[in-house]
Amino acid sequence: MLELYDISIIITEPYFNFTSIQESMNEILFEEYQFQSALRINAGSLSAHHYFHSKPSELCCLVVDSGFSFTHIVPYCRSKKLKEGIRRINVGGKLLTNHLKEIISYRQLHVMDETHVINQVKEDVCYVSQHFYKDMEVAQMKGEENSVMRDYVLPDFSSIKKGFCKPREEMLFSGKYKTGEQILRLTNERFAVPEMLFHPSDIGIQEMGIPEAIVHSIQSLPEDMQAHFYQNIVLTGGNTLFPGFRERLEAELRSLVPADLPVSVLLPANPICYSWEGGKLLAHNPDYDEMVVTRDDYEENGHCICEENFDI
Amino acid sequence: MVLEKKVSARVEAGQRRVLDEATRQRRLTRQLEALEKDNFQDDPLSSLPPPGPTARLPAFSETEEPEKKKRKTRGDHFKQRFRKNFTTLLEEENLSEKPEPNYLSAAAPPSPLPPRHFCCVCGFPSHYTCTTCGGRYCSSRCLCTHRETRCLKWTL
């Protein structure tokens with residue numbers, strides 16, 4: 001049995017989290033679980049810490065955290081986030097999966113109740129296209145010339161436990177499959193769904209996509225720092241795992257950014273765990289004990305000490 | 001061989017109701033809000049063993065049952081007690097009185113580039129607009145499908 005009484009916890013929160021939720025978190029951590037000490041911090045701050053730890057010569061970095069609920073673009077200078085440069089795009093994995101469910105339900109098979117199955121489809125089959133209109137043309141072709149089309153075998157939970165994408169050699173381009181499996185035929189959905197990260201206006205969301213928001217964010221910062229931010233862009237979060245994401249982002253930024261500024265985008269080996277590993281490094285940091293709020297501090301001073309110490 | 005007569009998509013003027021801009025905007029907002037909904041559904045894949053080397057670790061089957069029951073009742077309990085949804089919390093924050101930058105100011109502004117339009121039936125780039133509801137389509141066949149299935153099927 002783990003004794004939480006002596007344990008310190010680092011827990012992440014979204015940027016600009018509401019005060020009421022922050023206070024509820026304090027209550028849960030200290031009154032219900034009674035941790036010895038706690039640090040509430042933004043996930044991107046942990047990613048930035050990890051980045052500066054791996055590249056000690058750099059002073060500035062831009063963390064792009066594209067997760068389930070939304071995407072945040074946050075500039076960090078000397079381990080402190082620059083609040084005026086934070087941009088939030090309300091497009092995340094949830095929106096992508098919901099949209100994919102809707103279009104599959106309309107075009108092929110009713111899957112509105114199968115969120116997890118379609119989430120798996122999205123992760124297995126979707127990719128970010130490098131040439132959007134060219135891929136659109138290829139996807140419209142018939143037969144074997146259509147290199148974009150894939151067939152996805154849906155699970156039936158008796159013989160097929162988990163869905164999978166049929167390899168191209170086994171695909172039948174004309175006629176029906178003889179086996180009784182349920183198949184989804186995906187063409188333009190494969191790259192149109194992740195395209196929403198780059199152009200939310202595709203479905204009507206009036207917001208900039210990730211490349212434009214990065215440029216907008218960096219342009220709001222002092223001019224002498226801008227070049228440093230363009231060279232240290234870090235991608236974190238599950239949505240960055242789409243094949244082709246990093247290359248497309250770099251190409252789009254290259255066309256938006258002035259030609260004399262070099263652009264460098266880093267996709268770490270494990271974007272989902274990058275901030276967790278940053279938290280691990282932070283816990284071993286000698287300054288850690290000054291950053292946390294202990295249970296005794298909270299019992300004495302209440303929420304205000306958390307508000308002062310934690311910069312959410 | 002009987003040649004099927006191509007169904008004309010043109011209709012008599014006055015026979016179809018044309019939605020005005022406000023209704024079209026309301027429909028669009030409705031669709032976008034539907035995209036934001038959380039789906040609290042059970043994960044059918046969760047009972048599968050995870051892939052990779054951890055699959056060989058012994059499963060803690062004895063402690064799983066009471067934990068599952070506890071989690072279910074806890075979730076329902078929370079949902080009934082804390083019925084405030086996101087918009088309520090946002091209003092309570094009273095962000096207009098707080099200094100910038102805050103949650104609202106961090107939202108990305110609209111893109112200066114024009115939006116791209118896609119056929120609501122097949123998803124390929126579209127060039128035409130349905131006169132009644134404003135949905136985009138790419139070809140007359142998609143227009144027929146759209147008229148039969150989705151156009152004005154649920155009215156606001």
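This is a walk through a predicted model, stop by stop, with what to select and what you'll find there.

**Stop 1: chain A on its own**

Start by showing chain A as a cartoon. You should be able to pick out 14 helices and 12 strands. Its C-alpha atoms fill a box of roughly 75 × 55 × 35 Å along the principal axes. Colour chain A by accessibility and you'll see that buried residues make up 52% of its 312 residues. If you draw contacts between residues at least 6 apart in sequence, 66% of those in chain A join residues at least 24 apart.

**Stop 2: a buried threonine**

Now select A:Thr240. Look for it in the loop between strand 10 (233-236) and helix 10 (245-256) of chain A. Is A:Thr240 buried or exposed? With 0% relative accessibility, A:Thr240 counts as buried. Leaving aside residues up to four places away in sequence, the ones it touches are A:Ser66, A:Leu235, A:Phe245, A:Leu267 and A:Pro271.

**Stop 3: along helix 10**

Stay in this part of chain A and select A:Arg246 and A:Glu250. Both sit in helix 10, four residues apart, which is about one turn of the helix. They form a salt bridge, with the closest N and O atoms 3.3 Å apart. A:Glu250 is partly exposed at 24% relative accessible area, and A:Arg246 is partly exposed too, at 22%.

**Stop 4: a bridge between two helices**

Next, select A:Arg107 and A:Glu189. Their side chains meet in a salt bridge, 3.0 Å from N to O. A:Arg107 belongs to helix 3 (residues 93-107) and A:Glu189 to helix 6 of chain A, so this pair ties together parts that are 82 residues apart in sequence. A:Arg107 is partly exposed, at 25% relative accessible area, while A:Glu189 counts as buried at 4%. If you'd like to hunt for others, the whole structure holds 12 salt bridges over all chains.

**Stop 5: aromatic rings**

Switch to the Phe, Tyr and Trp side chains. There are 10 aromatic pairs over all chains. Pick A:Phe132 and A:Phe191: the ring centres are 5.7 Å apart and the planes are at 80°, so the pair is edge-to-face. A:Phe132 lies in helix 5 (residues 132-139) and A:Phe191 in helix 6 (residues 189-192) of chain A, so the pair links parts that are 59 residues apart in sequence. A:Phe132 counts as buried at 7% relative accessibility, and so does A:Phe191 at 0%.

For a pair in chain B, select B:Tyr128 and B:Tyr137. Their ring centres are 5.7 Å apart and their planes at 35°, so that pair is tilted. B:Tyr128 is partly exposed at 43%, whereas B:Tyr137 is buried at 14%.

Which residues form one aromatic cluster with A:Phe132 and A:Phe191? Add A:Tyr127, A:Tyr133 and, from chain B, B:Phe118.

**Stop 6: where the chains meet**

Bring both chains into view. Here 45 residues of chain B are in contact with 51 residues of chain A. The area buried between them is about 4,300 Å², with carbon and sulfur atoms giving 57% of it. On the chain B side, select B:Leu35, B:Arg116 and B:Phe124: these lose the most area to chain A, together 18% of what that side buries.

For the polar side of the interface, there are 14 residue pairs in polar contact. Helix 1 (21-35), helix 3 (86-93) and helix 4 (140-149) of chain B each supply at least two residues of the side that touches chain A.

**Stop 7: charges across the interface**

How many salt bridges are there between chain B and chain A? The count is three. One of them pairs A:Lys94 with B:Glu36, the closest N and O atoms being 3.8 Å apart.

Then select A:Asp202 and B:Arg116, whose side chains meet in a salt bridge at 3.0 Å, N to O. A:Asp202 is in the loop between helix 7 (195-198) and helix 8 (210-219) of chain A, and B:Arg116 is in the loop between helix 3 and strand 1 (128-129) of chain B, so the pair joins two chains. A:Asp202 counts as buried at 13% relative accessibility, and B:Arg116 is buried at 14%.

Finish with two arginines over rings. The charged end of A:Arg88 sits over the ring of B:Tyr103, 3.7 Å from its centre. From the other chain, B:Arg150 lies over the face of A:Tyr106, at 3.7 Å from the ring centre.

Note on methods: Residues numbered from 1 in each chain as written. Chains lettered and ligands numbered in written order. Predicted model: local features only at pLDDT ≥ 70, side-chain atom pairs only at ≥ 80, totals over all residues. Heavy atoms only, no water. Phe/Tyr/Trp six-rings, centres within 6.5 Å; stacked < 30°, edge-to-face > 60°. Buried < 20%, exposed > 50% of the residue type's maximum accessible area, 1.4 Å probe, protein only. Lys NZ or Arg CZ within 6 Å of the ring centre and 35° of its normal. Contact = heavy atoms within 4.5 Å. Buried area = accessible area lost by both parts, 1.4 Å probe. Salt bridge = Lys/Arg side-chain N within 4 Å of Asp/Glu carboxyl O. Polar contact = N/O pair within 3.5 Å; in protein donor to acceptor, adjacent residues only side chain to side chain.
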